[in-house]
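Visitor: I would like a close look at one part of this model, the charged side-chain pairs, together with whatever is needed to judge how far the surroundings can be trusted. Please take me through it slowly.

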Amino acid sequence: MAETATPQTLEPTMPKMSAADFRVYNNMAEHMNYFHNNFRATWKILYAACSSGNRPSNMSLRQFISTAEQFCHHLTVHHTIEEQHIFPVLATKMPVFRKELELLTQHKQIHQGLDKFETYLEKCKSGEQDLRMDELKRLMDSFGDVLWQHLDDEVKQLGAENMRKYWTKDEMRRMPM
């Protein structure tokens, strides 16, 4: 018996981009990935220490806690800038950047865990609690999956192939990033 083909809705094929056009359309993804790679690198240092139960040999306890606090602060500032200055512009044409949709929901999920992580670090820094690597790992695990997914999702949404579906080259050049 012969199979019946079903019609599928396909996106229109866009012409191949020149290298120069790719750079224009991919600029935000590259810029975002630069910041995200810094978050990934710091996360890996912190998480490796938590998993092994030992902080890096070149870091004092104070430096380790400071590195973790800086991670929290930088991620919070990064998300605040995105939510106040970048996402509103992108949301005018890209539904995924609107408040009720996935990327901002991910921010909220990340910060539910990040806030607890930061509070724990503050207590350890003040001496109210001793730093326990297993507890720090538990707190990181509470938001790690959504953080890593978010770092990838955002860069993917800002990639050249996606951006050119919504924006002209001139608009891309005027983006707030």
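Guide: A salt bridge here is a side-chain nitrogen of Lys or Arg within 4 Å of a carboxyl oxygen of Asp or Glu. The model is a predicted one, and side-chain atom pairs count only at pLDDT 80 or more. By this rule the count comes to nine salt bridges, and three of them can be followed residue by residue.

One of these pairs joins the side chains of Arg-132 and Asp-134, with 3.1 Å from N to O. Arg-132 has a relative accessibility of 43% and therefore counts as partly exposed, and Asp-134, at 48%, is likewise partly exposed because its value lies between the limits of 20% and 50%.

Another pair is formed by Arg-164 and Glu-161, whose side chains meet at 3.4 Å, again from N to O. In this salt bridge the partners fall into separate classes: Arg-164 counts as buried because its relative accessibility is 13%, a value under the 20% limit, whereas Glu-161, at 46%, counts as partly exposed.

The pair of Asp-170 and Arg-173 has a salt bridge of 3.2 Å, N to O. Both residues belong to helix α6, which covers residues 169-173, and they are three residues apart, about one turn of the helix. Asp-170 counts as partly exposed because its relative accessibility is 47%, while Arg-173 counts as exposed because its value is 54%, which is over the 50% limit.

As for confidence, the mean pLDDT of the protein chain is 91, and 92% of its residues reach 70 or more. Over residues 1-10, however, the pLDDT is below 50, and this stretch has zero contacts in the model beyond near neighbours in sequence.

For the wider setting, it may help to look at the largest pocket, which has a volume of about 300 Å³. Its lining is made up of 17 residues, and those that lie nearest its centre are Phe-35, Asn-38, Phe-39, His-74 and His-78. The elements that give two or more residues to this lining are α1 (19-52) and α2 (61-91), and α2 gives the most, with nine residues. Sorted by character, the lining of the largest pocket holds nine nonpolar residues, seven polar ones and one charged.

Note on methods: Residues numbered from 1 in each chain as written. Heavy atoms only, no water. 1 Å grid on protein atoms, 1.4 Å probe; cavity = no way out; pocket = protein on both sides within 12 Å on 5 of 7 lines; lining within 4 Å. Points joined across faces, edges and corners; volume = space filled by probe spheres on them. Helix = DSSP H or I, 4+ residues; strand = E, 2+ residues; numbered from the N terminus. Nonpolar A, V, L, I, M, F, W, Y, C, P; charged D, E, K, R; others polar. pLDDT = per-residue confidence, 0-100. Contact = heavy atoms within 4.5 Å. Buried < 20%, exposed > 50% of the residue type's maximum accessible area, 1.4 Å probe, protein only.
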